[in-house]
Protein chains: 2
Amino acid sequence: VSEFSITILGNNSAIPRHGRHPSAQFLKIGNQSILVDCGEGTQKRLRDVPKTNLFQISHIFISHLHGDHYLGIVGLISSLGLMRKTKPLHIYAHEPLQEIFRMQIELMGHALPYEIIFHPLPLAGDALICDTAQFSVQTFQLDHRGPTCGFRFEEKISNKKINKEALEKYEVPIESWNDIQQGGDYTTKDNVTISNSELTLKGPKPRTYAYCSDTKYTETILPFIKGIDTVYIESTYTDKEEKLAAERFHCTARQAATLAKKAGVGRLLLGHFSSRYKKVDIYQKEAREVFSHSEIAEEGKTFQIELW
Amino acid sequence: VSEFSITILGNNSAIPRHGRHPSAQFLKIGNQSILVDCGEGTQKRLRDVPKTNLFQISHIFISHLHGDHYLGIVGLISSLGLMRKTKPLHIYAHEPLQEIFRMQIELMGHALPYEIIFHPLPLAGDALICDTAQFSVQTFQLDHRGPTCGFRFEEKISNKKINKEALEKYEVPIESWNDIQQGGDYTTKDNVTISNSELTLKGPKPRTYAYCSDTKYTETILPFIKGIDTVYIESTYTDKEEKLAAERFHCTARQAATLAKKAGVGRLLLGHFSSRYKKVDIYQKEAREVFSHSEIAEEGKTFQIELW
């Protein structure tokens with residue numbers, strides 16, 4: 001069974017404190033290595049935290065251009081150059097980051113040995129922004145100060161299990177099996193199209209993960225996280241800062257749990273903790289009063305999503 | 001006696017490895033807090049390393065605009081804003097950094113609560129770039145890829161010791177004593193000027209520190225580091241990479257020691273170590289073959305400069 005996991009590199013909000021780091025997560029989907037957000041120091045975290053791999057990263061998704069979510073990216077890009085990466089790197093972020101890159105890469109005084117393919121994020125609406133053989137990513141709008149995107153990752157389950165009885169019934173030649181395993185329909189000699197679902201066995205549901213940081217409480221995200229296996233929703237504050245949370249366009253842990261519950265998700269990860277809290281147990285406690293499958297996105301921890 | 005100390009925050013070259021960090025040093029001169037270079041993660045280092053103080057920093061000097069020397073500065077500036085700093089921050093760096101600041105501060109979405117006073121560094125020659133009541137800084141050119149500046153810090157010894165016998169001899173009234181302690185001359189009723197050196201006792205020599213990173217071996221820096229108490233000279237490589245050092249405009253430890261010896265300095269600190277070395281003892285060994293007062297600029301260590 002292929003892997004689908006989330007490793008937490010940083011779970012703190014803007015000011016790094018109490019040994020915690022700014023936002024960054026390392027995703028492994030199959031053999032693909034993906035980075036979601038890239039706060040200052042992420043390249044060092046990718047060296048220090050087990051089960052992560054700086055060099056293999058092929059896709060980076062940046063939710064928004066506040067420093068604690070992107071300031072590590074120029075250092076990471078530069079180090080990958082010094083390490084002689086040659087495969088292209090796809091970066092999904094809001095437009096202004098491109099100019100920031102350009103200026104700082106120019107200052108390096110030499111070209112990068114690999115290509116950066118920049119994909120600007122939409123300022124409104126939702127969109128399928130990435131579609132590879134192994135996973136796809138849909139983006140949607142969060143409600144924060146300035147444009148901010150959520151990301152919904154879904155694996156692709158290749159090689160569906162073939163329904164042998166159906167293949168025999170429709171006399172499908174062996175040359176077409178591979179195509180059917182990849183999801184294709186079959187057209188008989190008499191020009192009748194047999195849908196793929198009839199030719200294959202119902203397989204496991206593709207695994208899904210959504211990342212929502214930063215945002216205030218908004219139910220507009222519910223359609224995008226509905227029934228998802230694991231969702232990360234920022235919870236900068238606790239109950240007693242509920243007013244502050246709304247003013248600053250952030251969530252409390254209880255609000256994150258309310259969204260998770262309404263969306264019927266499998267598990268909620270809590271993070272982006274305020275620097276005012278040295279210990280973060282209180283977030284989990286308050287979230288679990290609403291939704292029991294709530295967990296702290298503990299730094300250094302890898303959360304596996306199981307196939308079922 | 002007031003303090004003059006250098007605390008090492010990072011001593012590694014471009015790719016952070018082996019738990020080492022990119023270039024940054026925290027200087028304490030009297031009650032002034034100064035930062036020299038600011039690689040990625042410096043704000044976190046300033047929280048983790050004892051005897052340093054992020055909030056008190058009033059002056060930042062950036063030697064050149066390669067990522068491992070400046071990428072931490074936007075995060076640091078941003079955090080100081082969130083911490084509600086109000087006193088101005090002086091930044092000395094090459095011109096292009098100003099536009100990088102401007103773009104990234106704009107993305108923060110709110111103004112900083114303190115003023116940044118940007119002082120562009122000269123592209124040629126040497127200059128007195130900073131002159132406060134407690135210290136002065138002279139800059140000079142290093143020889144690296146792209147414009148790179150060295151910095152020479154000198155304390156100001158206020159309150160000279162008065163020569164009582166001389167004051168009585170010239171009948172100096174008590175109202176003039178303070179002025180003489182600050183270095184002023186005295187003019188008698190008969191309009192004769194008595195020089196300050198005659199009215200005060202010979203005090204200790206002001207302490208000095210110079211920072212030279214990055215540079216290849218060049219004797220043009222000798223006049224600026226001559227007789228200095230402590231000098232930091234980069235030593236990216238060891239003897240066996242001497243050719244590589246020249247190609248990449250860096251020094252070996254032996255070359256740094258040769259410069260220190262020729263300049264007759266008190267002590268040499270070695271740093272900017274190549275990521276290829278897990279252990280750095282070899283740098284000290286090779287440097288000491290030329291100049292015995294050579295030391296590794298060990299991360300987390302504070303080097304005091306004593307008055308004498």
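**Where chains A and B meet, and a sheet in chain B**

Visitor: How much area do chain B and chain A bury between them?
Guide: The model is predicted, with local features needing pLDDT of at least 70, side-chain atom pairs counting only at pLDDT 80 or more, and totals for chains, interfaces and linings using all residues. Residues are numbered from 1 along each chain as its sequence is written, chains are lettered from A and ligands numbered from 1 in the order written, and side-chain values use heavy atoms, without hydrogens and water. Buried area is the accessible area (1.4 Å probe) that two parts lose on being put together, summed over both. Of the area between chain B and chain A, 62% is on carbon and sulfur atoms, and the total is about 2,600 Å².

Visitor: Which residues of chain B lose the most area to chain A?
Guide: Three residues together make up 23% of what the chain B side buries. They are Ile15(B), Glu40(B) and Leu107(B).

Visitor: How many salt bridges are there between chain B and chain A?
Guide: A salt bridge needs a side-chain nitrogen of Lys or Arg within 4 Å of a carboxyl oxygen of Asp or Glu. Between chain B and chain A the count is 0.

Visitor: Which strands stand at the edges of the open sheet in chain B?
Guide: Helices (H or I, at least four residues) and strands (E, at least two) are DSSP runs, numbered from the N terminus, and two strands pair if DSSP finds at least two bridges between them. The sheet has 7 strands in the order S6-S5-S4-S3-S2-S1-S16, with mixed pairing. Each edge strand has a single partner, so one side of it is left without a neighbour in the sheet; these are S6 (116-120) and S16 (302-304) of chain B.
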